[in-house]
Amino acid sequence: MHLPRTALVATFLAGAASVVALPGCGGDADPKRAADSKADDTSRAAGVPGATGGALAEGAVKRGLPSVVAVSVNSGGITRTGSGTLIAEGTIVTDAKLVTTASGAPAAGVTVREGNGEEHAGVVDGIDKLTGLAALRARDLTAVPIAIASVAPVVLGQEVAGLGFLSARRPAMRPGAVVTTDRAVRADGIAEVGLFEATAALGAQGFGGPVVDARGRVVGITTKALASMIPGTVVALPVGSAKRIAKSLTARGRVPRAYLGVETVGLTPTRAAELRLKTASGVLLRSVVPGSPAAFVALKKPTSTVTIGGREIPAGGDVIVGIDKTRIDEPEDLDRALANRAPGRRIALKIIRGDRAVTVKVTLGER
């Protein structure tokens with residue numbers, strides 16, 4: 001059964017404060033209705049207020065929802081379902097765990113279901129463990145337009161909506177608002193930056209689906225890679241980053257990221273005063289990873305530690321204050337600078353060593 005878009009908007013508005021499940025796609029009966037109703041109750045029980053309105057609902061239905069698909073994986077007689085977003089021609093991003101076997105290998109038996117009920121075989125092109133996203137290749141999608149993308153939110157309180165599938169046949173939406181911005185996910189010396197958090201969580205089956213703005217433009221893709229700070233919220237990767245990752249997974253099966261190999265601690269005015277440093281901004285070098293690019297240049301490691309505010313702070317080592325023309329004031333700035341540079345690039349690492357400013361050239365590695 002299909003409702004006209006005006007009716008879908010009305011359905012969304014009727015359930016503004018919680019997950020709104022739409023009628024089943026493709027006219028099939030849904031054998032998972034009872035289980036999904038329980039999922040709806042869980043979402044409502046989270047008690048997260050939703051911000052909604054006619055513009056948000058209309059934009060989500062008209063522009064965001066058509067680019068969302070249901071993704072199913074049949075493994076060992078058990079079917080798992082989740083959400084995906086068509087982010088480029090023939091390329092869908094989805095939740096990495098959904099399409100990964102217990103051994104970590106890409107799953108077989110992947111099915112992509114359009115909103116009109118048509119089903120297609122999907123092939124996993126690659127999995128990015130850092131962000132928790134996977135790229136699927138699916139041919140001949142007849143009624144799924146490429147998502148209309150926009151920039152990630154930077155304003156707290158901005159109205160957004162999460163879109164996804166509660167089962168292979170039940171698209172759903174949850175209206176909400178942005179509650180954190182500019183978060184980062186880190187592992188093994190690499191990072192993705194610019195993630196945001198919103199009160200638009202659909203639950204486990206919504207991961208891989210989009211977060212849209214009031215005009216229905218995709219601003220992020222939901223991911224499990226970073227835990228939410230507030231119960232009932234979801235973390236999303238900026239759509240620009242998701243597109244870059246999907247393109248790399250499709251072309252190479254992996255995502256190469258720049259790697260420096262340093263561990264740092266943020267520098268505050270209090271720490272700078274206690275350590276009698278010539279700068280009150282930058283990041284303190286804590287350690288250098290053996291065998292990393294940073295290990296082959298002349299960086300001065302800490303000679304001791306000092307307890308400041310109940311925390312052990314490295315002392316006597318270099319303070320990183322810049323990369324090329326980019327100023328580094330905190331560890332997040334370092335993450336951001338490296339995330340925006342390609343492996344193999346030679347950078348100028350600007351440091352303060354005692355009372356001297358020093359520049360060290362480093363060629364970034366790859367992780």
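This is a guided tour of one predicted model, with a selection to make at each stop.

**Before starting**

Residues are numbered from 1 along each chain as its sequence is written, and side-chain values use heavy atoms, without hydrogens and water. Because the model is predicted, local features need pLDDT of at least 70 and side-chain atom pairs count only at pLDDT 80 or more, while totals for chains, interfaces and linings use all residues.

**Stop 1: the whole chain**

Select the chain and show it as a cartoon. The chain holds six helices and 23 strands; helices (H or I, at least four residues) and strands (E, at least two) are DSSP runs, numbered from the N terminus. Of its 367 residues, 52% count as buried, where buried means under 20% relative accessible area, exposed over 50% and partly exposed in between (1.4 Å probe, protein chains only). Contact means heavy atoms within 4.5 Å. Among contacts between residues at least 6 apart in sequence, 63% join residues at least 24 apart.

**Stop 2: the barrel**

Select strands E2 to E7. These six strands form a closed barrel in the order E2-E3-E4-E7-E6-E5, with antiparallel pairing; two strands pair if DSSP finds at least two bridges between them. Now restrict the selection to residues 119-128 (E6) and 133-137 (E7), which pair in the antiparallel sense over five bridges. Within this pair, Gly126 stands opposite Ala135 in E7.

**Stop 3: two valines**

Select Val185, in strand E9. Val185 counts as buried because its relative accessible area is 4%. Its C-alpha atom lies 7.2 Å from that of Thr131, although the two are 54 residues apart in sequence. Leaving aside residues up to four places away in sequence, Val185 touches Leu130, Ile190, Ala191, Glu192, Leu195, Ala225 and Leu226.

Next select Val193, in strand E10. Its relative accessibility is 13%, so Val193 also counts as buried. The C-alpha atoms of Val193 and Arg336 are separated by 6.1 Å, with their positions 143 residues apart along the chain. Among the residues that Val193 touches are Asp335, Arg336 and Ala339.

**Stop 4: helix H6**

Select residues 331-339, which make up helix H6. Which residues of H6 are buried? They are Asp333, Leu334, Asp335, Ala337 and Leu338. These buried residues pack against strands E9, E10, E14, E15, E19 and E20.

**Stop 5: the largest pocket**

Keep H6 in view and select Gly189, Ile190, Ala191, Asp335 and Leu338, the closest to the centre of the largest pocket among its 27 lining residues. On a 1 Å grid over the protein atoms alone, a pocket is an open set of points with protein on both sides within 12 Å along at least five of seven lines, a cavity is a set where a 1.4 Å probe fits but cannot get out, and lining residues have an atom within 4 Å of a point. The volume of the largest pocket is about 490 Å³; a volume is the space filled by probe spheres set on the points, and grid points are joined across faces, edges and corners. H6 supplies the largest share of the lining, five residues.

**Stop 6: the cavity**

How many cavities of 30 Å³ or more does a search of the whole structure find? The search finds one. To see the lining of the largest cavity, select residues including Leu275, Leu277, Pro302 and Asp318. The volume of this cavity is about 50 Å³.
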